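Here's a walk through the inside of this protein and a few residues worth a look. Keep the viewer open while you read.

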Amino acid sequence: ELILATSFLTRLPLPDVAYSDEAMARATRLYPVVGLGIGLALALVLWALAALFPQPVAVLLTLAIGIRLTGALHEDGLADTGDGLGGGWTREQALEIMRDSRIGTYGALALGLTLAIKATALSFLPLSWAMAALVAGHALGRVAILRVIATLAYARPQGAGDFLDRTRPDPGPVPWVVAALTGLLLGLWIGLWPAFVALAAAWAGMAAMRRRTRVKLDGYTGDTLGATEQTVETLVPLALLLCL
């Protein structure tokens with residue numbers, strides 16, 4: 001299940017394992033574990049690059065490496081969600097727009113502004129805080145995905161993610177353990193107050209995206225899950241900026 005989860009969320013070369021919808025559904029509970037690993041890896045990349053380049057350049061290179069590592073999976077979902085929620089007047093229109101592989105104005109703006117805000121916030125944070133923000137953003141972003149899956153239905157009658165709605169996997173304690181571990185790491189790393197603010201920002205971002213997709217689409221799609229992750233990943237460094 002860990003290999004399935006990692007294979008889906010990253011482009012790492014991993015051994016083949018037997019696939020089934022049920023196994024993949026169970027593997028979703030490990031998304032936060034994979035997110036925590038991605039965040040830790042990118043924090044180390046940022047630390048190494050910051051020894052060679054000014055921090056803004058190191059941040060941009062780290063984000064580029066992160067996009068390559070994940071195959072822009074969540075960024076693609078963000079762009080499609082921006083087009084669908086921005087351009088669709090009805091639920092059916094929004095879902096149809098999100099099926100289109102072409103990117104539109106709303107999607108381009110959502111993607112560009114999100115990356116710009118994330119890069120700017122990480123550049124203005126002290127290096128150790130920026131590293132902490134990468135770890136927390138990636139871990140809590142995947143926790144947010146599981147929270148949305150657990151509390152909303154799949155918005156399409158059929159689609160790439162309808163097996164989650166059919167199987168309704170129980171995430172168990174894993175997301176809460178990862179969230180608590182992330183908060184503990186932040187508290188030891190940068191202080192209790194910044195840790196609390198980061199966790200609150202992540203929860204608020206998840207709740208806002210969950211409400212928006214519930215009202216507009218009456219459920220979630222794979223694209224909106226990606227947009228939720230990106231929202232959390234962007235809000236965490238922004239929230240930490242408020243604590244300086």
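Contact here means heavy atoms within 4.5 Å. One caveat before going on: this is a predicted model.

**The cores**

With that cut-off in hand, take Leu240. Setting aside residues up to four places away in sequence, Leu240 touches Leu125, Trp129, Ala133, Ile190, Pro194 and Ala198. Leu240 also belongs to the largest nonpolar core, which has 57 residues; Leu122, Val236 and Leu240 are the ones that touch the most other members. Which helix gives the most to this core? That's helix 8, residues 127-151, with 16 residues. There is also a second, separate core of 6 residues, and Leu85, Ala94, Leu95 and Met98 are among them.

**Helix 8 against helix 12**

Two packed helices are described by the angle between their axes and the distance between the axes. For helix 8 and helix 12 (residues 222-242), the angle is about 145 degrees and the axes are 8 Å apart. The crossing of helix 8 past helix 12 is right-handed. On the helix 8 side, the residues making the contact include Trp129, Ala133, Gly137, Leu140, Ala144 and Val148. Helix 12 brings Leu225, Thr228, Glu229, Val232, Glu233, Val236, Pro237 and Leu240. Sort the residues of this contact by type and you get 13 nonpolar, 4 polar and 3 charged.

**Two threonines in helix 12**

Thr224 and Thr228 make a nice pair to click on. Thr224 sits in helix 12, and so does Thr228. Are they buried or exposed? Thr224 has a relative accessible area of 1%, so it counts as buried. Thr228 is at 2%, which means buried as well, given that the cut-off is under 20%.

Their polar contacts link up along the chain. A polar atom of the Thr224 side chain lies 2.9 Å from the backbone nitrogen of Thr221. The side chain of Thr228, in turn, reaches the backbone oxygen of Thr224 at 2.8 Å.

As for other neighbours, leaving aside those within four places in sequence, Thr224 is in contact with Thr81, Met98, Met209, Thr213 and Leu217. Met98 is also a member of the second core. On the same basis, Thr228 touches Ala144, Val148, Met206 and Met209. Ala144 and Val148 are helix 8 residues in the contact with helix 12.

**Ala119**

Ala119 is in helix 7, residues 105-124. What does it touch, leaving aside neighbours within four places in sequence? Val59, Leu60 and Leu63. Its relative accessible area is 10%, so Ala119 is buried. From Ala119 to Leu244 there are 125 residues in sequence and 17 Å in space, C-alpha to C-alpha.

**Positive phi in the loops**

Two residues have a positive phi although neither is a glycine: Ala72 and Asp218. Ala72 lies in the loop between helix 4 (55-70) and helix 5 (73-87). Asp218 is in the loop between helix 11 (192-217) and helix 12. Here they are side by side:

| Residue | Phi | Relative accessible area |
|---|---|---|
| Ala72 | about 55 degrees | 23%, partly exposed |
| Asp218 | about 60 degrees | 54%, exposed |

Why does Asp218 count as exposed? Because its relative accessible area is 54%, and the cut-off for exposed is over 50%. Ala72, at 23%, is partly exposed.

Note on methods
Residues numbered from 1 in each chain as written. Predicted model: local features only at pLDDT ≥ 70, side-chain atom pairs only at ≥ 80, totals over all residues. Heavy atoms only, no water. Core = buried A, V, L, I, M, F, W, Y, C linked by side-chain atoms within 4.5 Å. Buried < 20%, exposed > 50% of the residue type's maximum accessible area, 1.4 Å probe, protein only. Helix = DSSP H or I, 4+ residues; strand = E, 2+ residues; numbered from the N terminus. Axes fitted to C-alpha atoms, helices over the stretch in contact; angles between N-to-C directions. Left-handed = near helix turned anticlockwise from the far one by under 90°. Nonpolar A, V, L, I, M, F, W, Y, C, P; charged D, E, K, R; others polar. Polar contact = N/O pair within 3.5 Å; in protein donor to acceptor, adjacent residues only side chain to side chain.
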